[in-house]
Amino acid sequence: MGNWVVNHWFPAVVIAAWLGLNVFLFVYYFLLFDRDKKFYYTRVLLGSALAWARASAKCLNFNSMLILLPVCRNLLSFLRGTCSCCRRTMRKQLDHNLTFHKLVAYTIALFTAVHIIAHLCNFEWYNDSQQAADGSLSSILSDLHQDEESNKWLNPIHSNSTTPAYVTFTTIPGLTGVIITVALILMVTSSMEFIRRSYFEVFWYTHHLFIIYFAGLVIHGIAGLVRGQTAESLNKHNPEHCAQDPTHWGRKNKHSHCEEPEFGSIPAESWQWVLAPILLYVFERVLRFWRSQQRVVVTKAVVHPSKVLELQMHKKGFSMEVGQYIFINCPSVSCLEWHPFTLTSAPEEDFFSVHIRAAGDWTENLIDTFQQQKPKTPRIEVDGPFGTASEDVFQYEVAMLVGAGIGVTPFASVLKSIWYKFQHADQRLKTKKIYFYWLCRDTGAFAWFNDLLASLEREMEESGKAGFLNYRLFLTGWDNSIAGQAAFNFDKDTDVVTGLKQKTSFGRPMWSNEFSVVATAHPRSVVGVFLCGPQALAKSLQKCCLQYSSLDPRKVKFYFNKENF
């Protein structure tokens with residue numbers, strides 16, 4: 001029961017802690033700037049917009065500190081694969097790295113909007129105070145120290161002809177704020193699911209505006225336009241007392257003596273928040289660049305049906321685990337673009353391989369390049385491997401593997417590794433049963449790994465473990481002729497579509513039935529459910545995992561795992 005609770009509630013606890021820290025930072029600094037005596041006169045000019053601007057700025061710094069950590073892939077792989085102190089259920093939370101990255105990004109966008117609106121109000125009220133000539137407290141504060149070189153002024157607008165727009169585009173905070181906002185808008189909008197799937201190159205290039213974002217963030221506050229009363233001035237000038245009679249500031253009288261208040265800038269501190277994660281990310285990129293420059297030899301390149309390119313490669317010192325993925329770059333297609341692909345080879349093999357489906361401009365061009373340059377193969381650069389949820393497949397007694405289309409690739413690695421383990425009679429294999437489901441739209445897709453499945457069938461029969469692997473193939477797109485042919489040849493030993501002993505099913509699985517069968521067959525087992533496929537399918541499987549997991553700690557439990565790049 002404890003593992004089940006950790007597995008399903010730990011992400012919620014992490015999110016709750018993160019939200020709690022955001023709320024704490026916002027409330028703490030809002031009250032600080034709304035009540036602190038140091039900013040008494042700043043509030044006279046700006047009102048509550050000061051607190052809104054500064055509190056949102058603190059939350060921006062906090063989330064900017066976090067935004068890079070979920071995409072430090074080497075750090076995540078280290079925590080997942082080599083850190084022995086991380087339990088399986090704790091390591092599993094690393095699979096939510098991109099979800100957390102998106103949440104932090106949207107939070108940055110939200111607090112940026114709050115920060116911008118507050119400062120637009122601040123500029124207007126600074127301007128109104130400068131324009132006022134009615135002898136009010138805000139007018140007197142705006143005129144203080146304007147003609148001196150002491151830099152002890154409060155209002156950054158020093159002339160009646162200065163406009164808020166002029167301040168926005170001629171000061172460091174204003175100009176960097178505009179640049180940061182434009183970069184953030186481009187990054188957020190290009191990260192939408194539709195653009196990321198259909199125009200990956202747009203997403204890829206605009207996301208590198210994060211460099212401009214962080215550069216602008218670090219220098220955004222160095223000019224110190226928003227100011228507070230200095231500590232030395234507070235000792236000589238109590239604003240709560242002296243604000244009652246600003247006309248007597250600097251003059252001696254028998255009742256009181258208040259010197260003119262002096263003001264100083266708020267020190268820039270964004271760099272203190274983001275320096276460590278930036279250095280960590282720079283180290284990450286340097287490591288990945290060094291690793292990507294190591295020579296890669298393409299030993300085999302085959303174009304399968306449905307325009308899927310299989311690459312078998314060799315690289316000195318390359319070591320992998322099942323289900324991991326790599327980033328691939330082909331300089332003859334694009335020098336800058338790197339795309340993730342799951343490894344389809346097994347750790348026991350002396351090469352590593354990927355299967356690449358044509359799904360965009362870059363993959364189309366890559367496949368065309370390999371077809372046009374035979375027998376000479378284009379140069380390939382590889383970065384990785386990096387860990388995923390599928391690494392933990394052999395940690396479960398029972399595993400359900402679900403692949404949709406090219407999403408079968410991580411499970412090809414798993415199935416190959418199983419074949420090798422059977423070959424060498426590996427006694428360390430903890431897994432007792434695997435259920436494999438492969439959903440494809442067209443019959444040609446099944447040809448990618450037909451040989452692998454046929455070999456597994458033979459090997460398990462010969463080793464007396466025919467019941468170890470239960471695999472189901474589902475054809476989700478077909479015409480009447482295919483269905484009629486399959487029905488006519490149903491009594492044959494092999495399937496008419498794949499040539500395998502297991503018959504192909506037409507349509508989609510009834511997942512409630514599948515989970516019910518597994519739960520009945522393994523009433524006291526821990527079942528790992530692994531998916532590489534669309535989000536809609538993920539929701540269905542996750543719902544079934546919750547529905548069919550028993551509350552009794554002694555009975556069946558389903559743990560959902562999804563591939564994320």
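How many helices and strands are there in the protein? There are 21 helices and 14 strands. The model is predicted. Its mean pLDDT is 82, and 86% of the residues reach 70 or more. The protein has 565 residues, of which 50% count as buried.

**Confidence**
- Residues 1-9 call for care: pLDDT stays under 50 there.
- The model still gives residues 1-9 a total of 21 contacts beyond four places in sequence.

**Overall fold and surface**
- Take the contacts between residues at least 6 apart in sequence: 76% of them join residues at least 24 apart.
- The accessible surface comes to about 27,500 Å².
- Carbon and sulfur atoms account for 59% of that surface.

**Nonpolar cores**
- The largest nonpolar core holds 55 residues.
- Within this core, Tyr41, Leu141, Tyr213, Phe214 and Trp249 touch the most other members.
- Eight elements are listed as giving two or more residues to this core: α1 (2-35), α2 (40-46), α3 (49-66), α6 (97-131), α7 (137-143), α9 (172-189), α12 (210-219) and α15 (270-292).
- The top contributor is α3, with 7 residues.
- Phe214 can be followed further: leaving aside neighbours within four places in sequence, its contacts are Ser64, Ile67, Leu68, Val274 and Ile278.
- A second core is separate from the largest one and has 30 residues, among them Val322, Phe436, Leu456 and Tyr559.

**Helix α9**
- Does the length of α9 agree or disagree with its residue count? At 1.5 Å a residue, its 18 residues should span 26 Å. The end C-alpha atoms are 26 Å apart, so the two values agree.
- At the start of α9, a side-chain oxygen of Thr171 comes to within 3.2 Å of the backbone nitrogen of Gly174.
- Buried residues of α9 are Pro173, Gly174, Thr176, Gly177, Ile180, Thr181, Ala183, Leu184 and Met187.
- Gly174 thus appears twice: as the partner of Thr171 and among the buried residues.
- The cover over the buried residues of α9 includes α6, α8 (164-170), α11 (200-207) and α12.
- Both α6 and α12 also give two or more residues to the largest core, as does α9.

**A cis peptide bond**
- The bond from Gly384 to Pro385 is cis, with omega near 10°.
- Pro385 lies in strand β8, which covers residues 381-386.

Conventions
Residues numbered from 1 in each chain as written. Predicted model: local features only at pLDDT ≥ 70, side-chain atom pairs only at ≥ 80, totals over all residues. Heavy atoms only, no water. Core = buried A, V, L, I, M, F, W, Y, C linked by side-chain atoms within 4.5 Å. Buried < 20%, exposed > 50% of the residue type's maximum accessible area, 1.4 Å probe, protein only. Helix = DSSP H or I, 4+ residues; strand = E, 2+ residues; numbered from the N terminus. Contact = heavy atoms within 4.5 Å. Expected span 1.5 Å × (residues − 1). Polar contact = N/O pair within 3.5 Å; in protein donor to acceptor, adjacent residues only side chain to side chain. pLDDT = per-residue confidence, 0-100. Areas by Shrake-Rupley, 256 points an atom, 1.4 Å probe, with all protein chains shown as cover.
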